[in-house]
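Student: Could you walk me through how to read a structure like this one, giving me the general idea before each case?

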Amino acid sequence: MKTHHAKRHVVAFWLFIAPCLILFSVFFLLPLILSVGFSFTNYDGWKTMDFIGLSNYGELIKDIKFYQALGRTFGYTLFSLPFKVIVPLLIALLLCSKRVAIKSLGRTMVYIPSLLSSLVVGITINWMFSAEYGLVNYIIQSSGGTPLEWALNPRLATFVISFASNWASTGFYMVIFIGGINNIPADLYEAASIDGSSGLQTFFHITIPMLAPTTFLVTLLSTVNLLKEYALVQGITQGGPGLNTTFIIQFIFDKGFNQMQYGYASAISLLVMIIFALIAYFQFKLSNGGEQK
Amino acid sequence: MKRSSQLSKVFWPSFWTFVVAAAMVFPIVWLVFSSFKQTGELFSYPLRMFPTEWTASHYAKVINDGFFGYVFNSLFLAVVGTLITLVISSMCGYALAIYRFDVSYTNLIFGIFLLGTLIPGETLTVPQVAVISELGLYNNIWGVILPVVTTTTGIFMFRQQYLSIPLSFVEAARIDGSNEAQTFFHVMLPLGTSSTVTLAIFSFMWRWNDYILPLLVLSEQRKYTIQIAIKNYIGFNGVDWSSILAASVMSMVPIIILFIILQRHIIGGLSASGIKG
């Protein structure tokens with residue numbers, strides 16, 4: 001009787017997970033295996049698919065453009081990361097303050113940009129930064145400055161993309177920080193105030209350490225999201241000027257879908273996957289997973 | 001004297017909140033007002049916040065370009081995709097939680113699903129498109145829906161939710177003679193409502209905003225989703241600004257309205273649903 005029940009439960013288990021497992025296998029695990037397979041071929045997405053051994057990888061380690069795209073992606077990530085973490089943290093602290101009267105309206109408004117698609121985020125910010133008739137250049141000009149070529153200068157173009165990316169993610173990370181702040185036990189603050197701790201001391205000795213796990217989570221999420229920035233760029237520079245804002249994911253897509261080198265693109269994808277995983281791993285190790293030592 | 005210092009204690013944080021909030025929505029407000037300016041005014045100085053002469057002509061043009069067809073396609077993708085996500089991830093999360101003592105390898109299977117969060121989907125897009133074509137789903141809305149409906153986030157949320165419900169609930173239902181499917185649909189599913197609402201909102205937003213797969217999979221213009229239609233106003237010779245402004249505004253309206261109605265679930269759900277740190 002007992003074993004009969006147990007068996008029935010195993011069957012029910014498999015039936016319940018079947019839809020997810022099948023779809024996940026077909027559209028995630030299979031592509032994962034295929035990308036390993038493709039990376040040893042010269043597959044062009046159409047008819048040709050010959051085994052060419054490690055040639056793709058041989059080509060890849062000599063591909064200057066690959067290193068440039070990867071380097072640009074790292075530069076962009078490192079430049080944007082501090083803003084991605086600190087700005088939402090400060091806004092969350094402001095919006096958790098007891099002294100703010102319009103708290104929930106404030107949270108709603110800060111969150112709204114997070115609702116837009118990356119493409120529309122790019123377009124919205126691009127519209128403010130266009131070289132001619134853009135609002136930002138108009139303000140610069142009106143106050144006597146020289147308008148900037150936001151789209152033609154590689155550094156400025158990268159700045160605009162980073163600005164857009166930060167604008168769009170602030171609300172989401174703010175909400176995560178608010179969750180973290182609300183989880184800090186109130187008696188810690190009471191004890192601190194009884195001990196005569198000043199506002200700043202409390203902030204640096206209680207709030208910041210208690211938020212370490214949340215900060216780690218936000219850092220990890222923003223790193224990955226910055227490394228794979230793609231759709232947003234399509235609304236701003238489409239990778240230009242030249243290849244100056246072509247980050248690694250766009251580099252893979254260009255190889256795969258525009259130049260029809262599915263095999264080569266798969267080899268790059270695998271390498272990038274490993275690099276991303278290593279970065280996440282080191283972040284995890286460095287911060288002890290956000291736990292305090 | 002005391003009163004005024006107390007007032008200023010409340011005043012400055014509230015003032016800064018107002019400044020931050022206004023700055024955050026300003027780019028959207030600027031975009032919305034711009035979309036009602038005539039083309040001549042869009043490209044002439046001085047720039048003004050409000051249109052000197054309001055016009056809906058850009059909207060008329062975008063609608064003439066078949067925008068409502070794209071809206072329909074996006075709605076189909078978002079609604080059908082969300083329904084499938086809710087059904088399959090609640091079933092999967094439920095099974096991973098409830099049968100954890102009956103089936104010894106539930107954690108192993110959960111671990112396989114977790115790969116989905118460890119590996120960014122973008123690095124698998126190339127072979128994914130090959131699979132979609134092989135299945136005959138190229139240029140088919142299902143080729144955009146089926147690959148994305150399994151979300152690890154969804155499975156995770158439901159698993160957490162059902163782990164928090166005592167197994168004795170399930171036992172009681174079984175003793176009352178309900179079979180496994182009945183137990184799930186009649187007893188347990190209603191207990192998962194809060195996860196359902198949060199996931200429904202997020203899933204709808206994700207699908208509405210999906211970009212990469214629709215761009216690569218949908219080749220025929222009448223099958224485009226809104227995002228792809230917007231992208232098409234960015235041409236080789238530059239951006240068709242007057243149209244793209246109107247199209248962008250129209251694409252964000254439904255999602256912002258939905259958010260304002262359901263925001264309690266989003267902000268509450270996010271900070272309560274395991275994303276706690």
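Tutor: Let us begin with a definition: helices (H or I, at least four residues) and strands (E, at least two) are DSSP runs, numbered from the N terminus. This is a predicted model, in which local features need pLDDT of at least 70 and side-chain atom pairs count only at pLDDT 80 or more, while totals for chains, interfaces and linings use all residues. Residues are numbered from 1 along each chain as its sequence is written, and chains are lettered from A and ligands numbered from 1 in the order in which they are written.

Student: How many helices and strands are there in chain B?

Tutor: Chain B has 14 helices and 2 strands, whereas chain A has 13 helices and 0 strands.

Student: Is chain B spread out or compact, judged by its radius of gyration?

Tutor: The radius of gyration is taken over C-alpha atoms, and the globule rule to set beside it is 2.2 Å times the number of residues to the power 0.38. For the 277 residues of chain B the rule gives 19 Å, but the radius of gyration is 24 Å, well over that value, so chain B is more spread out than a compact globule. Its C-alpha atoms fill a box of roughly 75 × 75 × 30 Å along the principal axes. For chain A, the C-alpha trace spans about 80 × 75 × 35 Å along its principal axes.

Student: What share of the residues in each chain is buried?

Tutor: A residue is buried if 20 or more other C-beta atoms lie within 10 Å of its own, exposed if 12 or fewer, and partly exposed in between, with C-beta atoms placed from the backbone. Buried residues make up 42% of the 293 residues in chain A and 41% of the 277 residues in chain B. As a single case, Met157(B) lies in helix H8 (residues 152-163) of chain B, and it counts as buried because it has 25 C-beta neighbours inside 10 Å. The C-alpha atoms of Met157(B) and Ser195(B) are separated by 6.4 Å, although these residues are 38 apart along the chain.

Student: How should I read the contact of the two chains, and how many residues does each one give?

Tutor: Two residues are in contact if their C-beta atoms, placed from the backbone, lie within 7 Å. The contact takes 82 residues from chain A and 73 residues from chain B. On the side of chain B that touches chain A, H1(B) gives the most, with 16 residues. To sort that side by class, Ala, Val, Leu, Ile, Met, Phe, Trp, Tyr, Cys and Pro count as nonpolar, Asp, Glu, Lys and Arg as charged, and the others, Gly among them, as polar. The residues of this side of chain B divide into 51 nonpolar, 16 polar and 6 charged.

Student: Which residues of H13(A) and H6(B) meet?

Tutor: Tyr262(A), Ala265(A), Ser266(A) and Ser269(A) in H13(A) meet Val126(B), Pro127(B) and Ala130(B) in H6(B). By class, this contact has 5 nonpolar, 2 polar and no charged residues.

Student: At what angle do H13(A) and H6(B) pack?

Tutor: Axes are lines fitted to C-alpha atoms, for helices over the stretch in contact, and angles run from 0 to 180 degrees between N-to-C directions. H13(A) and H6(B) pack at an angle of about 135 degrees, with their axes 9 Å apart. Angles under 35 degrees count as roughly parallel, over 145 as roughly antiparallel, 65 to 115 as roughly perpendicular and the rest as oblique. H13(A) and H6(B) are therefore oblique to each other.
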